[in-house]
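Welcome to this tour! Open your viewer, switch to a cartoon view and keep the selection box handy. We will go from stop to stop, and at each one you will select a few residues and look around.

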Amino acid sequence: MLYDPIPWSEDRLELGEGARWVDGRLVLVDLLAGRLLETGGDAPGPLRELYRLDRPLGAVAPVAGRPGRWLAAAGTGLALLDDGRVDPLLDLESGNPVPARMNDAVADPHGRFWAGSMTYDATPGGGTLFRHDHTTQPAVTGLTITNGPAFDPTGTVMYLADTPLGHVDRFTVDPATGELSEQTPFLRLTAADGFPDGMTVDAAGNLWVALWGGHAVRRYRPDGSPDREIRLGAAQPTSVCLGGPDMRRLFVTTANYGLAAPGPVDGALMAVDVDIAGLPAAAASWTGRD
């Protein structure tokens, strides 16, 4: 048992993000470096590089029924990572009047791929959450730095963070269409808490939130009340994922980006065991070419 958070490898990432448990291992990205990485969940070890892109890589989701194939939020749009190739699919943000890139992304339990964007200078309102199904369209606009989304196990509740505002909102999701409704405030955090970054929902429906600048991860009950806080030596936690033995090992990516004097675990992948299990990453449906 890991009772306290420990570094899971000796690697230190500039902007670790997008931790997902897929097919018995952890995948994550070093976002600005465009690297897709993996490691095991049983014992600490080095991060292995799967892909290196020539553009920022925000996050990936496995493609349903296609082991080793990934749908990615990369550069200014979506790409397919397949057999060593990087195939651009859609350009979503090159027309933004301010230079922009994709940020966090995830598949929901119904196979839809949700990908958020932001401008490089974090222009207020310059980001968008896109939903990719049979078509790709904006689902939430007017965001600043889009993080998440995270979905409950049924795929009918979505949590979405706008990081610099300290906001996490909750939406109802139509399982048949993916349409969003009933947007309500879920969390309103202050700078003293840290800023909500990557998130995940466990098997009991609790929301885990990485707190950028807060040295911590928090677990919130579905009613929004705080349930647990895990303190970290790293200043900038960026994403969270439950996996490993019995799906009860919490992995936390961190970043040393922007730190004048990074500490020894800033940028590390951290791990600690917890009392509630998570769920494997959902796969994205993809009906494109074989």
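## Stop 1: a hairpin and its glycine

Begin with the hairpin of strand 16 and strand 17, where 6 residues lie between the strands and Gly178 takes a positive phi near 80°. A quick reminder before you click further: this is a predicted model.

Now select residues 180-188, which make up strand 17; strand 16 and strand 17 pair in the antiparallel sense over 6 bridges. To see one of the places where the two strands face each other, pick Val173, which stands opposite Leu180 in strand 17.

## Stop 2: the hairpin next door

Next, select residues 157-162 for strand 15 and residues 167-173 for strand 16; these two are antiparallel as well, and 6 bridges pair them. They form a hairpin with 4 residues between them, and Gly166 in the turn has a positive phi of about 75°.

Which residue of strand 16 is the bridge partner of Asp162? Select His167 to see that partner. Then try Tyr159, which stands opposite Arg170 in strand 16.

## Stop 3: the whole sheet

Zoom out a little. These strands belong to an open sheet of 4 strands, in the order 14-15-16-17, with antiparallel pairing. Strand 14 (146-151) and strand 17 stand at the edges with a single partner strand each, so one side of each has no neighbour in the sheet. Neighbouring strands here are turned by 25° against each other on average, direction ignored.

While you are looking at sheets, show the side chains and keep this rule in mind: in a regular strand, they alternate between the two faces of the sheet.

## Stop 4: another sheet of four

Move on to the open sheet whose 4 strands come in the order 10-11-12-13, again with antiparallel pairing. Which strands stand at the edges? They are strand 10 (100-107) and strand 13 (136-143), and each has a single partner strand, so one side of each is left without a neighbour in the sheet. The twist in this sheet averages 20° from one strand to the next.

Select residues 127-132, strand 12: 5 bridges join this strand to strand 13, and the two run antiparallel. Then click on Arg131, which stands opposite Gln137 in strand 13.

## Stop 5: Ala105

Stay with this sheet and select Ala105, which lies in strand 10. Is Ala105 buried or exposed? Its relative accessibility is 0%, so Ala105 counts as buried.

What does Ala105 touch, leaving out residues up to four places away in sequence? Its contacts include Arg20, Phe113, Trp114 and Gly148. If you have a distance tool, try the C-alpha atoms of Ala105 and Leu129: they are separated by 8.9 Å, with the two residues 24 apart along the chain.

## Stop 6: the largest nonpolar core

For the last stop, select Leu36, Tyr51, Leu53, Leu57, Val60, Trp70 and Leu81; of the 16 residues in the largest nonpolar core, these touch the most other members. Strand 3 (25-30), strand 6 (57-62), strand 7 (70-74) and strand 8 (77-82) are the elements that give two or more residues to this core. Strand 7 gives the most, with 3 residues.

Finish on Trp70. Leaving aside neighbours within four places in sequence, Trp70 is in contact with residues including Val22, Arg25, Leu36, Tyr51, Pro62 and Leu81.

Note on methods
Residues numbered from 1 in each chain as written. Predicted model: local features only at pLDDT ≥ 70, side-chain atom pairs only at ≥ 80, totals over all residues. Heavy atoms only, no water. Pairing = 2+ DSSP bridges. Axes fitted to C-alpha atoms, helices over the stretch in contact; angles between N-to-C directions. Core = buried A, V, L, I, M, F, W, Y, C linked by side-chain atoms within 4.5 Å. Buried < 20%, exposed > 50% of the residue type's maximum accessible area, 1.4 Å probe, protein only. Contact = heavy atoms within 4.5 Å.
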